[in-house]
Amino acid sequence: MARASGTAMEGLLQGDFFHAASGIRYKVFSREGRAWMSFDRDDAPEASNRGSVLDGEKELLYFIGSGHRGRTYLYEEEGEWFEIPINFYGKKQLWDMAPNYGATKTMPAALPVDSNCLHCHASAVQMALPEARNRYAGPPFLQGGIGCAACHGDASKHLEAQGRGPIVNPAKLAVAARDSVCLQCHLEGNVAVYRAGKSLAEFRVGDDLADYVVYSVKANEKTGGSRAVSQYEALLRSACKLASGDKLTCTTCHDPHSSPSSEERVEYFRSRCLTCHTGAKMATAHHPEQKDCAVCHMPTREAADISHEQATDHNIQRRPHSATSTARFLNATEEDDLVPVGKVPFGDREMGLAYAQLAENGNPKDAEKALRLLLKAEKNGASDAELHTKLGFIEQMSGDKSDARKEYADSLKEDPYDATALGNLAVLDAVSGHTADAVDLLRRAVEADPSQITAGLNLAFIECRVGNKKRAIEILTGLARFDPDDPALRGFLSSGTYAGERCSLDSRSDVPHGRNGY
């Protein structure tokens with residue numbers, strides 16, 4: 001944990017690889033004491049996007065990940081922070097695309113660095129500025145790695161007294177707060193919904209994690225070990241947890257201050273099992289030929305969310321390969337219902353937003369559930385930007401433009417920088433003939449967050465249509481710094497075609513060429 005992040009040069013893992021699906025070669029290297037990632041695609045026959053030349057580089061400022069499982073790097077662009085689209089995978093000692101990007105035909109768009117994600121890899125994580133979730137007043141975190149404060153709170157008085165001053169002992173906290181110390185990073189779910197106005201960057205030891213975020217899983221999930229950080233979800237299903245209740249927690253088996261060596265590992269974890277399984281014959285007669293309890297009861301499985309990785313299944317089963325009923329863990333009327341992980345309070349807002357996240361994948365059934373729950377929450381007084389934006393999106397997709405417009409407007413009253421509300425309301429204005437209003441909204445979106453590719457493209461097209469060719473080109477070349485391989489952006493710049501329509505860019509000679517991507 002202490003090595004989970006730091007300066008890029010401190011943790012530089014140099015290497016390169018060719019990504020066949022996109023025809024791009026990536027390279028991580030040092031130059032004059034600084035860390036860099038380069039990317040290039042030429043028009044060689046083996047390149048999948050023949051003729052789409054790509055050539056650029058980014059200076060890497062911080063690393064994320066200890067390297068045991070993986071590592072990636074962060075860079076800054078115009079005051080915003082992004083993650084590179086490639087990862088180093090520790091077990092196989094190789095570079096490859098970040099999870100979910102293995103088959104992409106183009107270089108992925110810049111990946112925004114959110115404080116909620118940094119919380120699990122760094123200390124003194126800063127809150128993002130209002131304009132964008134990845135814009136910070138300075139560095140996004142002030143201390144590399146997970147420090148003492150993450151689990152023990154402010155240690156200043158403890159250190160001043162040379163180790164004899166007060167400090168939080170998580171084991172002495174109330175059960176929910178005790179478990180939250182580990183779960184702030186080791187819980188994922190299918191969907192995470194933050195309480196209104198809350199961020200994980202604000203979490204402090206002694207707090208109940210459920211006051212910040214609600215995690216939910218689908219009722220038809222049969223196993224909990226397929227996601228790399230889903231150990232707690234799986235543990236809740238286990239017979240050990242059901243029998244032991246609150247007595248069993250993460251530190252029952254794991255020492256957060258050290259890990260056993262490879263030579264000590266089997267005996268160490270076996271001793272943890274035998275603290276509860278105290279039968280006279282268990283230690284000597286139960287499969288004496290196999291001392292490693294985990295081989296049978298906590299097998300290693302492929303992690304569904306991280307490439308080239310495996311995770312130990314914490315759904316401790318008597319017969320691991322038999323079907324596992326979810327009835328012990330879930331109380332749901334339908335298998336595709338979402339159910340909160342653990343005994344946490346939740347309301348219509350939280351479950352409505354959870355279904356709304358799933359609805360973004362195009363499932364109309366999830367959209368119906370989200371709409372019903374969010375309207376009920378709104379009727380009962382809930383009002384925040386995320387609620388209104390998600391409601392507006394669902395209503396817009398269902399063709400209810402009037403209600404969608406109202407929800408987006410309400411969202412912008414709560415958060416004038418909400419990029420989704422700004423962009424979607426602008427689309428509604430544009431198709432209704434309110435061009436001036438659409439331009440105003442899009443300008444606000446792009447000025448607040450210049451990496452907003454869709455808002456930027458829409459704004460550039462409108463500017464082009466009304467004759468502001470130079471401004472359109474400025475917007476497009478600005479977008480190229482964030483997403484140089486976006487097909488829509490490339491098409492607009494090369495042919496003046498966007499979304500099936502055409503607007504000639506007469507000043508194409510003003511478009512710069514070179515290491516920004518063109």
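**View 1. Serine 180, tucked away in a predicted model.** Serine 180 has a relative accessibility of 3%, so it counts as buried, the cut-off for that label being under 20%. Like everything in these views, the residue comes from a predicted model, not an experiment. Its home is helix α4, which covers residues 175-183. Leaving out residues up to four places away in sequence, serine 180 touches Phe203, Asp207, Asp208 and Leu209.

**View 2. Serine 216, a buried serine on a strand.** Here we're looking at strand β15, residues 213-218, which holds serine 216. With a relative accessibility of 2%, serine 216 counts as buried, because the limit is under 20%. Which residues does serine 216 touch, if those up to four places away in sequence don't count? Gly189, Asn190 and Val191 are on the list, and so are Leu338, Val339, Pro340, Val341 and Met351. Alanine 192 sits 24 residues from serine 216 along the chain, yet their C-alpha atoms are separated by 6.5 Å.

**View 3. Helices α14 and α15 crossing.** These two helices span residues 401-414 (α14) and 419-431 (α15). Their axes come within 9 Å and cross at roughly 145 degrees, and the crossing is left-handed. On the α14 side, the residues involved are Lys401, Ala404, Arg405, Tyr408, Ala409, Ser411 and Leu412. They meet Ala421, Leu422, Asn424, Leu425, Leu428 and Asp429 from α15. Sorted by class, this contact has eight nonpolar, two polar and three charged residues.

**View 4. Helices α16 and α17 packing.** Move along to α16 (residues 435-448) and α17 (residues 453-465), which pack at about 135 degrees with axes 9 Å apart. That angle makes α16 oblique to α17, because the roughly antiparallel label is kept for angles over 145 degrees. The handedness of this crossing is left-handed. From α16, the contact draws on Thr435, Ala438, Val439, Leu442, Arg443, Ala445 and Val446. The α17 side brings Ala455, Gly456, Asn458, Leu459, Ile462 and Glu463. Split by class, the α16 and α17 contact comes to eight nonpolar, three polar and two charged residues.

**View 5. The largest nonpolar core.** This core has 34 residues, and those with the most contacts inside it are Leu457, Leu476, Leu479, Leu489, Phe492 and Leu505. Which helices each supply at least two of its residues? They are α14, α15, α16, α17, α18 (469-480) and α19 (487-495). Helix α17 gives the most, with eight residues. Zoom in on phenylalanine 492 and, neighbours within four places in sequence aside, its contacts are Leu457, Ala460, Phe461, Cys464, Leu476, Thr497, Tyr498, Cys503 and Leu505. Apart from this core lies another, of 23 residues, including Phe17, Phe39, Ile84 and Trp95. As a rule, nonpolar side chains in soluble globular proteins tend to be buried together.

**View 6. Two non-glycine residues with positive phi.** Alanine 124 has a phi near 55 degrees, which is positive even though the residue isn't glycine. Alanine 124 belongs to strand β12, residues 122-125, and at 40% relative accessibility counts as partly exposed. Histidine 287 isn't a glycine either, but its phi is positive too, at about 45 degrees. Look for histidine 287 in the loop between α9 (282-285) and α10 (293-297). Its relative accessibility is 46%, so histidine 287 counts as partly exposed.

Notes
Residues are numbered from 1 along each chain as its sequence is written. This is a predicted model: local features need pLDDT of at least 70, side-chain atom pairs count only at pLDDT 80 or more; totals for chains, interfaces and linings use all residues. Side-chain values use heavy atoms; hydrogens and water are left out. Axes are lines fitted to C-alpha atoms, for helices over the stretch in contact, and angles run from 0 to 180 degrees between N-to-C directions. Helices (H or I, at least four residues) and strands (E, at least two) are DSSP runs, numbered from the N terminus. Angles under 35 degrees count as roughly parallel, over 145 as roughly antiparallel, 65 to 115 as roughly perpendicular and the rest as oblique. A crossing is left-handed if the near helix is turned anticlockwise from the far one by less than a right angle, and right-handed if clockwise. Contact means heavy atoms within 4.5 Å. Ala, Val, Leu, Ile, Met, Phe, Trp, Tyr, Cys and Pro count as nonpolar, Asp, Glu, Lys and Arg as charged, and the others, Gly among them, as polar. A nonpolar core is a set of buried Ala, Val, Leu, Ile, Met, Phe, Trp, Tyr and Cys residues joined through side-chain atoms within 4.5 Å. Buried means under 20% relative accessible area, exposed over 50%, partly exposed in between (1.4 Å probe, protein chains only).
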